[in-house]
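Here is a short report on one protein chain. Look through the sequence and the model before reading on.

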Amino acid sequence: MKLSDFDFDLPDHLIATRPVSPRSSARLLLAQSGVIEDRHVFDLPEIFEPGDLLVLNNTKVIPARLFGLRRRESAHGSGEAKIEVTLLEPSAQEGDWRALIKPLRKVKEGEVIVFSQDLSATLIAKDDGQGVLSFNLKGDDFDAALALAGAMPLPPYIAAKRAADEQDKDDYQTVFAEHSGAVAAPTASLHFDADLLAQLQERGVEFAHVTLHVGAGTFLPVKVDDVTTHKMHAEWGQVSATAANQILRAKQEGRRVIPVGTTALRLIESAAAKDGQITPWEGETDIFIYPGFEFNVADALMTNFHLPKSTLMMLVSALMGKTRMDKIYSHAIKNEYRFFSYGDSSLLIPQR
């Protein structure tokens, strides 16, 4: 398998920079039994079957993009310089974060970056093109100050077209977000609102909540031609005892387990044994799913449309088959589905 096998031409106007409203009015490409249907997300209550178990990622995106000032000294005197920071993940020491810093080379260890009247951070280390920042606040105080000073970390392909604004703090967050720590949204879940969830519950659909803190590494390009040699980034996740029991019971009863989003799928496959048994799990996963992967838990997948040559294109190709995915994406482009994080969705049900 070569990287070029997962490439395709995507017209620029199909990249969504805002979501549709209401959330459930997004289009839904339904692929099952060799057939492709053009539907909408609000059709899900008639598409899903009573007893289906949807696995939802309840991670909460933090406003991880910060703009600050540092004092600088030069031959012409002192002044201030603008610094852009994107938080990546917390370090072992509470209050410390790994971050992308622009321009990192200009900031010296020990220097303070001021983001607001309340929030500042000291650069304590540089490592592999990233910085480690120690913030002046911790816990709830840090969360409150970050909420005021930070902006949502929109994906690069949106950020290149427009800056994040207040609307993104709602749009780029799922309605069931609970545990803070993600710097990217589980975007398939952005299509759900309270009314749709209630309709699905009335239909007899069950929900299991898991947590995978999506990292900025989800947007990293694959740089190797032989995709099997690609090394995935690691992300922290947790499958609780409650969720594991729900999934195990559904598998034992022959009911479908359908993760909403690639993050939920990667997490439950990380926690599963070869025979489909799943137990409570917590830790970092760097699972890489590409064609040839044997799925032990997921029976289908709801997911948005992904970047060319991305690991997520490889994942959906593993689930549906490469030839099948080529046809699905050809149909999506021809029929002008909206792509990526704020775009439309698909429900992929493989033939077993």
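## A covered helix

This is a predicted model. Begin with helix α7, whose buried residues are Thr262, Thr263, Ala264, Leu265, Arg266, Leu267, Ile268, Glu269, Ser270 and Ala271. The helix spans residues 262-271. The tally for α7 is 10 buried residues of 10, so the helix is mostly covered under the 20% cut-off on relative accessible area. Charged side chains are on the list too, among them Arg266 and Glu269.

## The nonpolar cores

The largest nonpolar core holds 48 residues. Six of its members touch the most other members: Leu10, Tyr172, Ile328, Tyr329, Phe339 and Leu348. Several elements each supply at least two residues of this core: β1 (27-32), α3 (156-159), α8 (311-320) and α9 (322-334). Helix α8 gives the largest share, seven residues.

Tyr329 shows how this core draws on remote stretches of the chain. Leaving aside residues up to four places away in sequence, Tyr329 touches Phe8, Asn304, Phe305, His306, Met313 and Phe339. A second core is separate and has 23 residues. Its members include Val41, Leu54, Ile258 and Ile349.

## Helices α8 and α9

How do α8 and α9 pack, by angle and by distance between axes? The angle is about 115°, and the axes lie 7 Å apart. The crossing is right-handed.

On the α8 side, the contact involves Met313, Val316, Ser317 and Met320. On the α9 side, the residues are Lys322, Arg324, Met325, Ile328 and Tyr329. Two of these α9 residues, Ile328 and Tyr329, are also among the core members that touch the most others. Met313 of α8 is one of the residues that Tyr329 touches.

## An open four-stranded sheet

One open sheet has four strands, in the order β2-β1-β17-β16. Its pairing is mixed. Strands β2 (35-40) and β16 (301-304) form the edges, each pairing on one side only. From one strand to the next, the twist averages 20°.

Strand β16 runs antiparallel to β17 (residues 345-349), and four bridges join the two. Thr303 has Ser346 of β17 as its bridge partner.

## Strand β13 and its partners

Strand β13 covers residues 235-239, and its side chains alternate. Glu235, Gly237 and Val239 point to one face and are buried. Trp236 and Gln238 point to the other face and are not buried.

Two strands pair with β13. Strand β12 (residues 206-212) does so in the antiparallel sense over two bridges. There, Leu212 has Gly237 of β13 as its bridge partner. Strand β15 (residues 281-285) is also antiparallel to β13, with five bridges. Here Glu235 is matched with Thr285 of β15.

## Salt bridges

The model has 21 salt bridges. In one, Arg256 and Glu49 meet at 3.9 Å, N to O. They sit 207 residues apart, so to speak at two distant parts of the chain. Arg256 lies in the loop between α6 (241-252) and β14 (257-259). Glu49 lies in the loop between α1 (44-47) and β3 (53-57). Arg256 counts as buried because its relative accessible area is 18%, under the 20% cut-off. Glu49, at 42%, is partly exposed.

Arg70 and Glu111 form another salt bridge, with their closest N and O atoms 3.1 Å apart. This pair also links distant parts of the chain, 41 residues apart. Arg70 belongs to strand β5 (residues 65-74), and Glu111 to the loop between β7 (96-102) and β8 (112-114). Both residues are buried.

## A strand-to-strand bridge and a network

Asp127 bridges to Arg98, with the closest N and O atoms 3.2 Å apart. Asp127 is in strand β9 (residues 120-127) and Arg98 in strand β7, 29 residues apart. Is each partner buried or partly exposed? Asp127 has 41% relative accessibility and is partly exposed. Arg98 is buried because its 19% falls under the 20% cut-off.

Elsewhere, shared partners join several salt bridges into one network. Its residues are Arg18, Arg162, Asp165 and Asp168.

Technical notes
Residues numbered from 1 in each chain as written. Predicted model: local features only at pLDDT ≥ 70, side-chain atom pairs only at ≥ 80, totals over all residues. Heavy atoms only, no water. Core = buried A, V, L, I, M, F, W, Y, C linked by side-chain atoms within 4.5 Å. Buried < 20%, exposed > 50% of the residue type's maximum accessible area, 1.4 Å probe, protein only. Contact = heavy atoms within 4.5 Å. Salt bridge = Lys/Arg side-chain N within 4 Å of Asp/Glu carboxyl O. Pairing = 2+ DSSP bridges. Axes fitted to C-alpha atoms, helices over the stretch in contact; angles between N-to-C directions. Left-handed = near helix turned anticlockwise from the far one by under 90°.
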